Amino acid sequence: MAATMKESTAKRRTTFSDIICNRTIAKNMYWVFISILCTTSRCWGDDGHEMEEFLKREHSLTKPYQAIGSSSSSHWELMGDAMVTTEQVRLTPDAQSKQGAVWSRIPCHLKDWEIQVHFKIHGQGKKNLNGDGLAVWYTKERMQKGPVFGNADFFTGLGVFVDTYPNEEKHLEAQKRRYTPRTQRIFPYVLAMVGNGSLSYDHERDGRPTELGGCSGMVRNLKHDTFLFIRYVRRRLTVMIDIDGQHEWRDCLDVPGVRLPEGYYFGASAVTGDLSDNHDLVSLKLYQLTVLRNKQELEEEEEEILIPSVDNLELLKIDDSEEGMSAVAIFFTVLFSLLGCILLVVIALILYSHWNENSRKRFY
Ligand SMILES: *[C@@H]1O[C@H](CO)[C@@H](O)[C@H](O)[C@H]1NC(C)=O
Ligand SMILES: [Ca+2]
């Protein structure tokens, strides 16, 4: 376990600096320089620290799910169509228009944590005839029904979504418009969003406008176990998935400068619409991480966070409109250069014929 962790830490670093570099070069060199500085200093930080983890039982949900109940002394509470069986917490059954959730009653005051979610999404529907997905939450609000995978919109905190239905793609197909391969997302798609209470999750676009990062993952109807891993350490948010039955974490997203307040609630929710799936939670394990901080990090993190936010959000965005713009820009650049060349040739020909005539006149 430790070895695979180390490996993936190294991998994550390259991915992150790659992303930062790729996206900024086009913008300006100053930011590239700054972000390289930032990433390297963070890497040194990573190497210089040891981490220990402790399972926090009061924030975890494991078989046989005795912590779930309606009395106020129980640690977890069910909502909507969610049901507990001996094998799982079924957030929704494989039936239309269901929504369910399970929420912790205890606010979490840990500074650094990681959560390992053992889940299972399965159903009768054929590929892309299933939906809609499940979400794992760390939010100020709890137990509120709504359109974001069964939870309320305009939430305050972190949401990590396993979106199994491509709403936007279906919409675009109808409009006969397509994304370039670079921006197209393959579903099921895992993504993270940080809400500040006034940001909306765009369901029709599968959350693309507020996406912090994400990855594809074929998580449905698998025989082996599937896991989602969310780590929040020194304001760095990392999401990994283990869905291939190989007991290896695969990088999904890694974003520094994520500011999440303490004292929020963990939860999980799921929703079905016209299309459905069983959305099962087998376990949810929260680990406290003890991380040593150097003086600079302590100073940086001294100020209490009141509203969730993400630093340099604009650097993370691969905006599809931008992509469209640059294609249009290339087209016009080529067009105008061609027109320019033709114009030059025409002018040259005119000048040449004039000169020719003149010189002929001089001879006679
Ligand atoms: C939430 O974030 C959006 C976009 O970054 C920003 O425009 C808005 O002012 C923020 N709201 C609060 C309450 O911080
Ligand atoms: Ca969707």
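**Note on a predicted model: ligand shell and strand pairing**

1. In this predicted model, ligand 1 is surrounded by N196, G197, S198, L199 and I307. By class, this shell holds two nonpolar residues and three polar ones, with no charged residues.

2. One residue of that shell, N196, also belongs to strand 10, which covers residues 189-196. Strand 10 is mostly covered, since seven of its eight residues are buried.

3. Strand 10 has partners in strand 9 and strand 11. Strand 9 (residues 156-163) runs antiparallel to strand 10 and is joined to it by eight bridges. Strand 11 (residues 213-216) is also antiparallel to strand 10, with four bridges between the two. L191 may serve as a point of reference here: L191 is the bridge partner of F161, and L191 stands opposite G214 in strand 11.

4. These strands belong to an open sheet of seven strands, whose order is 2-5-16-7-9-10-11 and whose pairing is antiparallel. Strand 2 (76-80) and strand 11 stand at the edges; each has a single partner strand, so one side of each is left without a neighbour in the sheet. From one strand to the next, the twist averages 15°. As general background, strands of a sheet pair through backbone hydrogen bonds, either parallel or antiparallel.

5. At the edge formed by strand 2, the partner is strand 5 (residues 99-104), which runs antiparallel to strand 2 and is joined to it by five bridges. Within this pairing, L78 has V102 in strand 5 as its bridge partner.

6. Strand 3 and strand 4 should be considered together. They form a hairpin with four residues between them. Strand 3 (residues 83-84) and strand 4 (residues 89-92) run antiparallel and are joined by two bridges, and the bridge partner of M83 is R90 in strand 4. Strand 4 is also joined to strand 17 (residues 278-291) by three bridges, again in antiparallel fashion. In that pairing, T92 has H279 in strand 17 as its bridge partner.

7. A final point concerns H247, which is found in the loop between strand 13 (236-242) and strand 14 (250-255). Is H247 buried or exposed? H247 counts as exposed because it has 11 C-beta neighbours inside 10 Å, and the cut-off for an exposed residue is 12 or fewer. H247 and F227 are 20 residues apart in sequence, and their C-alpha atoms are 9.3 Å apart in space.

Terms used: Residues numbered from 1 in each chain as written. Chains lettered and ligands numbered in written order. Predicted model: local features only at pLDDT ≥ 70, side-chain atom pairs only at ≥ 80, totals over all residues. Near = placed C-beta within 6 Å. Nonpolar A, V, L, I, M, F, W, Y, C, P; charged D, E, K, R; others polar. Buried ≥ 20, exposed ≤ 12 C-beta atoms within 10 Å, placed from the backbone. Pairing = 2+ DSSP bridges. Axes fitted to C-alpha atoms, helices over the stretch in contact; angles between N-to-C directions.
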